[in-house]
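Here is a short tour of the aromatic rings in this protein. Have the structure open and follow along.

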Amino acid sequence: MISASDFRNGITIEKDGSVLEIVEFQHVKPGKGAAFVRTKLKDIINGGVTETTFRPTEKFPQARIDRKEYQYLYQDGELYAFMDTETFDQISLGKDIVGDNMKFVKENDMIKVNSYNNIPFAIEPPMFVELEITETEPGFKGNTATGATKPAIVETGAQVSVPLFCNIGDKIKIDTRSGEYLSRA
């Protein structure tokens with residue numbers, strides 16, 4: 001059990017049959033009245049976000065979220081196949097669970113599958129990936145004092161903004177959380 005006064009970002013709790021992750025919290029001590037904890041909670045199964053206040057003495061069971069590494073194998077229509085590299089067990093997850101997280105992941109890359117009570121609900125791609133540019137306009141010189149960018153398509157089919165000096169065939173490093181170009185690889 002975890003009390004509301006011990007809330008921190010990233011902690012997951014069970015409340016009213018839902019599994020909620022604390023996105024933001026603030027301990028408030030008004031001049032009059034009792035202290036309370038203002039929180040922003042994200043339902044990890046459906047993704048909904050709610051704002052709620054709690055008394056600091058309220059207690060909730062802490063939800064145990066398992067994060068296990070899997071290797072991405074292939075996509076078959078709407079399903080994505082993953083393999084546990086320790087036991088060689090394979091699982092298939094639908095587009096509803098995977099979401100937009102696969103746009104920077106190539107075959108054989110390692111990802112983390114998040115599950116609650118052995119039911120997968122989300123995946124976490126690696127934070128940084130190195131991908132090759134497959135399509136972009138040719139680079140040109142001049143007017144680069146403003147840090148100008150151009151669109152580029154990488155080998156997974158995702159589109160990113162890259163500096164003007166990047167060309168087809170260049171390997172670039174991308175932050176998968178924001179989709180931003182970081183550097184040449």
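## A charge over a ring

Let's start with Lys 173 in this predicted model. The charged end of Lys 173 is placed over the ring of Phe 128, at 5.3 Å from the ring's centre.

## Phe 7 and its partners

Now for rings that meet other rings: the model holds 5 aromatic pairs. In one of them, the planes of Phe 7 and Phe 54 stand at 90 degrees with the ring centres 5.7 Å apart, so this pair is edge-to-face, since over 60 degrees counts as such. Phe 7 belongs to the loop between strand E1 (2-3) and strand E2 (12-15), while Phe 54 is part of strand E5 (residues 49-54), so their contact ties together parts that lie 47 residues apart in sequence.

Both Phe 7 and Phe 54 are buried. Along with Phe 60, these two residues make up one aromatic cluster.

## Tyr 72 and Phe 82

Next, have a look at Tyr 72 and Phe 82, an aromatic pair of the tilted kind. Their centres are 5.7 Å apart, and the angle between the planes is 45 degrees. Tyr 72 comes from strand E7 (residues 66-76) and Phe 82 from strand E8 (residues 79-83), so this pair ties together parts that are 10 residues apart in sequence.

Are these two rings on buried or exposed residues? Tyr 72 has a relative accessibility of 6% and therefore counts as buried, because the limit is under 20%. Phe 82 counts as buried too, with a relative accessibility of 0%.

Terms used. Residues are numbered from 1 along each chain as its sequence is written. This is a predicted model: local features need pLDDT of at least 70, side-chain atom pairs count only at pLDDT 80 or more; totals for chains, interfaces and linings use all residues. Side-chain values use heavy atoms; hydrogens and water are left out. Rings of Phe, Tyr and Trp (its six-membered ring) pair if their centres lie within 6.5 Å; planes under 30 degrees apart count as stacked, over 60 as edge-to-face and the rest as tilted. Helices (H or I, at least four residues) and strands (E, at least two) are DSSP runs, numbered from the N terminus. Buried means under 20% relative accessible area, exposed over 50%, partly exposed in between (1.4 Å probe, protein chains only). A charge sits over a ring if NZ of Lys or CZ of Arg is within 6 Å of the ring centre and within 35 degrees of the ring normal.
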